[in-house]
Amino acid sequence: MAHEQPSSSEEPKTETGRETAPARAFPTEEIISWILRVGVLVSAFLIALGVVLLLVTGDTGYAGSVNNLAGLTQYGPNRLTAFPTTPGDVLAGVAQFKPYALIALGLLLLIATPVIRVASSVVIFVLERDYAYVLITLVVLVVLVISFLLGKAG
């Protein structure tokens, strides 16, 4: 039974026959899984902290109250309550340790985690010089960003 021996000429070569430096291999799966785990765990912690603060204090930190569920569904300038609806409002509320702002920050992080995953994939594929996947993940990232912008406009 003959075994094939790997030849020393398996290094990538250019069209002129010169050897090129091999692309660095990154633990892509481990990096991506770590990003997803950290994003989910941190967002779960923020949401849980906000819920505990809400239950302990009985106050949302905003003009609305826990019992004003109708105020949660109102949106726009005519709403009766002032819950955080923009990232700036959320960060300002987190700085004041408001329960609803902590919950909103956890939800924003949960929404942003897959986007961070795609963006990090672009960087990893660039470092690996896998330009086909760079293009594919860039298209996915652009679609995600456009969908967020369309959601903001609509």
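The expected span of a helix is 1.5 Å times one less than its number of residues. In this predicted model, that rule can be applied to helix H5, which covers residues 131–153. H5 has 23 residues, so its expected span is 33 Å; the C-alpha atoms at its two ends lie 32 Å apart, in agreement with that figure.

## Overall architecture and confidence

The chain contains five helices and zero strands. Read from the N terminus, its elements follow the order α-α-α-α-α. The average pLDDT of the chain is 81, and 71% of the residues score at least 70. Residues 1–9 have a pLDDT below 50, and this stretch makes zero contacts in the model beyond near neighbours in sequence.

Of the 154 residues in the chain, 25% count as buried. The chain exposes about 10900 Å², of which carbon and sulfur atoms supply 67%. When contacts between residues at least 6 apart in sequence are considered, 55% of them join residues at least 24 apart.

## Helix H4 and the nonpolar core

Helix H4 spans residues 99–127. Its 29 residues reach 41 Å from the first C-alpha to the last, close to the 42 Å expected at 1.5 Å a residue. H4 bends by about 35° at Ala112, and a proline, Pro114, follows within four residues.

The largest nonpolar core consists of six residues: Leu54, Tyr62, Phe83, Tyr100, Ala101 and Ile103. H4 gives the most to this core, with three residues. In soluble globular proteins, nonpolar side chains tend to be buried together.

H4 is also the packing partner of the last segment discussed at the outset: the buried residues of H5 pack against H4. Those buried residues are Val134, Thr137 and Leu141. Tyr133, also found in helix H5, counts as partly exposed because its relative accessibility is 43%, a value between the 20% limit for buried and the 50% limit for exposed. Tyr133 and Val122 are eleven residues apart in sequence, and their C-alpha atoms are 7.7 Å apart in space.

## Pairs separated along the chain

Several further residues can be described through a partner elsewhere in the sequence. The table lists their C-alpha separations.

| Residue pair | Separation along the chain | C-alpha distance |
|---|---|---|
| Ile31 and Arg117 | 86 residues | 9.0 Å |
| Gly61 and Tyr100 | 39 residues | 6.7 Å |
| Thr85 and Ala101 | 16 residues | 9.4 Å |

Ile31 has its place in helix H1, which covers residues 28–57. With a relative accessible area of 29%, Ile31 is partly exposed.

Gly61 lies in the loop between H1 and H2. Its relative accessible area is 23%, so Gly61 is partly exposed. Leaving aside residues up to four places away in sequence, Gly61 touches Lys98 and Pro99. Tyr100, the partner of Gly61 in the table, is one of the six residues of the largest nonpolar core.

Thr85 is placed in the loop between helix H2 (69–73) and H3. Thr85 counts as partly exposed, at 38% relative accessibility. Its partner in the table, Ala101, is likewise among the residues of the largest nonpolar core.

## Loop residues with positive phi

Two loop residues remain to be described by their backbone angles. Phe97 is not a glycine, yet its phi is positive, at about 60°. Phe97 is found in the loop between helix H3 (87–95) and H4. The relative accessible area of Phe97 is 48%, so this residue is partly exposed.

Arg129 follows H4 and lies in the loop between H4 and H5. The phi of Arg129 is near 60°, a positive value in a residue other than glycine. Arg129 has a relative accessible area of 46% and is therefore partly exposed.

## Summary

The predicted model is a chain of five helices and zero strands. H4 gives three residues to the largest nonpolar core, and the buried residues of H5 pack against H4. At the other end of the confidence scale, the pLDDT is below 50 over residues 1–9.

Definitions and conventions
Residues numbered from 1 in each chain as written. Predicted model: local features only at pLDDT ≥ 70, side-chain atom pairs only at ≥ 80, totals over all residues. Heavy atoms only, no water. pLDDT = per-residue confidence, 0-100. Contact = heavy atoms within 4.5 Å. Core = buried A, V, L, I, M, F, W, Y, C linked by side-chain atoms within 4.5 Å. Buried < 20%, exposed > 50% of the residue type's maximum accessible area, 1.4 Å probe, protein only. Areas by Shrake-Rupley, 256 points an atom, 1.4 Å probe, with all protein chains shown as cover. Bend = angle between axes of the 7 residues up to and from the residue.
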